[in-house]
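Welcome! Take a moment to look over the sequence and the model, and then let us walk along one part of it together.

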Amino acid sequence: MNAIKLLESCREKLNSLQEMIPLDTHQRRVDEIDHLVNASNIWADPKKATSLMKERQKLFDLLVKVKYFQDQVSFYEECSVSLPEELEINSSAIGNLLQD
C-alpha cells in the first residue's frame with residue numbers, strides 16, 4: 001500500500017476514534033479527579049482514592065494515545081503537501097501508525 005493510501009486510512013481511523021471516544025468528557029473527568037485529589041482529603045479512604053487514581057490513569061493514557069495519533073496524522077498530512085517525496089520514504093512508519 002502506498003503512503004497516501006496509508007495516510008488516508010490513518011485519517012479514517014482517527015475520525016472513527018474521535019467519533020467513538022468522548023475526548024472532552026474524558027478530559028473533564030481527568031481534571032475533576034485532579035481537583036478532587038488536590039482539594040480534598042480523598043486519601044482518608046484508600047480504596048476510593050485508589051479507584052479514582054486507576055480511573056484517572058486509564059483515561060489519561062487513552063487521551064495521550066489519541067493525542068499522539070492526532071499529532072502524527074497531522075504531521076504526515078503536512079509532509080504529504082510540503083515534502084511528498086519524503087512521505088513515500090516514511091511509508092513504513094505510517095503503516096506502523098495505522099497498526100497501533
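Contact here means heavy atoms within 4.5 Å. What you see is a predicted model, and this tour stays mostly with one helix and its surroundings.

**Helix 2 and its cover**

Helix 2 runs over residues 23-39. With 17 residues at 1.5 Å a residue, helix 2 should span 24 Å, and the distance between its end C-alpha atoms agrees, at 24 Å. Which residues of helix 2 are buried? They are L23, H26, V30, I33 and V37. Seen down the axis of helix 2, these buried residues fall within an arc of 90 degrees, so they line one face of the helix. A general point about helices helps here: an α-helix has 3.6 residues a turn, so residues three or four places apart point the same way.

What covers that buried face? The cover includes helix 1, residues 3-20, and helix 3. Turn to the face of helix 2 that points away from its buried side, and you will find the exposed residues D24, R28, H35 and A39.

**Two buried residues up close**

H26 sits in helix 2. Its relative accessible area is 17%, so H26 counts as buried, the limit being under 20%. Leaving aside neighbours within four places in sequence, H26 is in contact with I21, L59, L62 and L63.

V37 is another of the buried residues of helix 2. Again setting aside neighbours within four places in sequence, V37 is in contact with I42, W43 and M53. For a sense of distance, try finding F69: V37 and F69 are 32 residues apart in sequence, and their C-alpha atoms are 29 Å apart in space.

**Charged pairs**

Side chains of opposite charge can pair when their charged atoms come close. How many salt bridges does the model have? The count comes to five. Three of the pairs involve residues of helix 2, as you can follow in this table.

| Pair | Distance, N to O |
|---|---|
| R29 and E32 | 2.5 Å |
| E55 and R29 | 2.8 Å |
| R56 and D34 | 2.5 Å |

Let us begin with the pair that stays inside helix 2. R29 and E32 are three residues apart in helix 2, which means that about one helical turn separates them. R29 is partly exposed, with a relative accessible area of 22%, and E32 is also partly exposed, at 42% relative accessibility.

R29 meets a second partner, E55, in a salt bridge. E55 lies in helix 3, residues 46-82, and R29 in helix 2, so this pair ties together parts that are 26 residues apart in sequence. E55 is partly exposed, with a relative accessibility of 28%. Together, R29, E32 and E55 are linked in a network of salt bridges.

The remaining pair in the table joins R56 and D34. R56 belongs to helix 3 and D34 to helix 2, so the pair ties together parts that are 22 residues apart in sequence. Are R56 and D34 buried or partly exposed? R56 counts as buried, at 16% relative accessibility, while D34 counts as partly exposed, at 25%.

**Looking back**

To retrace the route, start at the buried face of helix 2, where L23, H26, V30, I33 and V37 are found. Then look at its cover, which includes helix 1 and helix 3, and finish with the salt bridges that R29 and D34 make to E55 and R56 of helix 3.

Conventions
Residues numbered from 1 in each chain as written. Predicted model: local features only at pLDDT ≥ 70, side-chain atom pairs only at ≥ 80, totals over all residues. Heavy atoms only, no water. Helix = DSSP H or I, 4+ residues; strand = E, 2+ residues; numbered from the N terminus. Buried < 20%, exposed > 50% of the residue type's maximum accessible area, 1.4 Å probe, protein only. Salt bridge = Lys/Arg side-chain N within 4 Å of Asp/Glu carboxyl O. Expected span 1.5 Å × (residues − 1). Arc of directions from axis to C-beta.
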